[in-house]
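I opened this structure to look up a few side-chain features. My notes are below the display.

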Amino acid sequence: MTDSKELLNIDDMLRVGVVTKAHGLRGEVKVYPTTSDPERFRDLDVVYLVTDKDVLTLHVTGVKYFKELVILKFEEFDNVDMVKDFHQCDLMVTREDAIELGEGEYFLYDVPGCTVISDDGDEIGEVVDVIETGANPVFVIRMEDGKEVLFPVIDECILSVDIEEKKVTAHIMDGLMEL
């Protein structure tokens, strides 16, 4: 087990899951995947566990699936006592280990900081956060007056996202701008 906090910038890593609890007696953990492709865990050799105190480099030695969860086994842990305190800890990967994006795809992680322009050409504000809900993500947009509005990431609302240009084009649906 390696403390990686000084070697890695977790602010430039991508979350692939959240540990929900220990599984069994041999140091496995149940993970709620936050990636669009839970099968990607089969291809991961290394993940980074972010705890309150440090970032641990872990080597994946086993992957199983149970309902909507992924059960992971790590080389570094061999009993339940070693993993029981990891509830709600994030599992991260480096950008090098991120899944390949297709044309027009982007990581939600990269959207904050983008300027939001309406389909009429008016500047709405800046994306300051992304809320991941069960149905679809939601962009939190801070307007010039400091107020925040929520735009659902659905085709009828978010028309395009250009990470390179740091620009989101959105259609203002009825009721979205009413505070």
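These entries cover aromatic pairs, cysteines and one loop residue.

**Entry: status of the model**
I am working with a predicted model.

**Entry: aromatic pairs**
I asked how many aromatic pairs a search of the whole structure finds. The search returned two. I looked at phenylalanine 74 and phenylalanine 77, which pair edge-to-face, with 6.2 Å from centre to centre and 85° between the planes. I noted the angle against the cut-off: planes over 60 degrees apart count as edge-to-face. I then looked at phenylalanine 77 with phenylalanine 86, a tilted pair with 5.4 Å from centre to centre and 50° between the planes. Phe74, Phe77 and Phe86 form one aromatic cluster.

**Entry: accessibility of these rings**
I wanted to know whether the three residues are buried or exposed. Phenylalanine 74 has 2% relative accessibility, so I recorded that residue as buried. Phenylalanine 77 is also at 2% and counts as buried. Phenylalanine 86 has a relative accessible area of 11%, and I wrote this residue down as buried.

**Entry: disulfides**
I searched the whole structure for disulfides and got zero. For background, a disulfide is a covalent bond between the sulfur atoms of two cysteines. Why is cysteine 114 without such a bond? The closest cysteine sulfur to that of cysteine 114 belongs to cysteine 157 and is 15 Å away, which is too far for a bond. The cut-off I needed here is 2.5 Å between the sulfur atoms. I checked from the other side as well: cysteine 157 is in no disulfide, and its nearest cysteine sulfur is that of cysteine 114, at 15 Å.

I also looked up how accessible these cysteines are. Cysteine 114 is buried, at 0% relative accessibility. Cysteine 157 is at 0% too and likewise counts as buried.

**Entry: threonine 51**
Where does threonine 51 lie? I found threonine 51 in the loop between β4 (46-50) and β5 (55-66). Is this loop residue buried or exposed? Threonine 51 has a relative accessible area of 16%, so I entered it as buried; the cut-off for buried is under 20%.

I then listed the contacts of threonine 51, leaving aside neighbours within four places in sequence. They are Leu56, Phe86 and Cys89. Phe86 already appears in my notes, as a member of the aromatic cluster with Phe74 and Phe77.

Note on methods:
Residues are numbered from 1 along each chain as its sequence is written. This is a predicted model: local features need pLDDT of at least 70, side-chain atom pairs count only at pLDDT 80 or more; totals for chains, interfaces and linings use all residues. Side-chain values use heavy atoms; hydrogens and water are left out. Rings of Phe, Tyr and Trp (its six-membered ring) pair if their centres lie within 6.5 Å; planes under 30 degrees apart count as stacked, over 60 as edge-to-face and the rest as tilted. Buried means under 20% relative accessible area, exposed over 50%, partly exposed in between (1.4 Å probe, protein chains only). Helices (H or I, at least four residues) and strands (E, at least two) are DSSP runs, numbered from the N terminus. Contact means heavy atoms within 4.5 Å.
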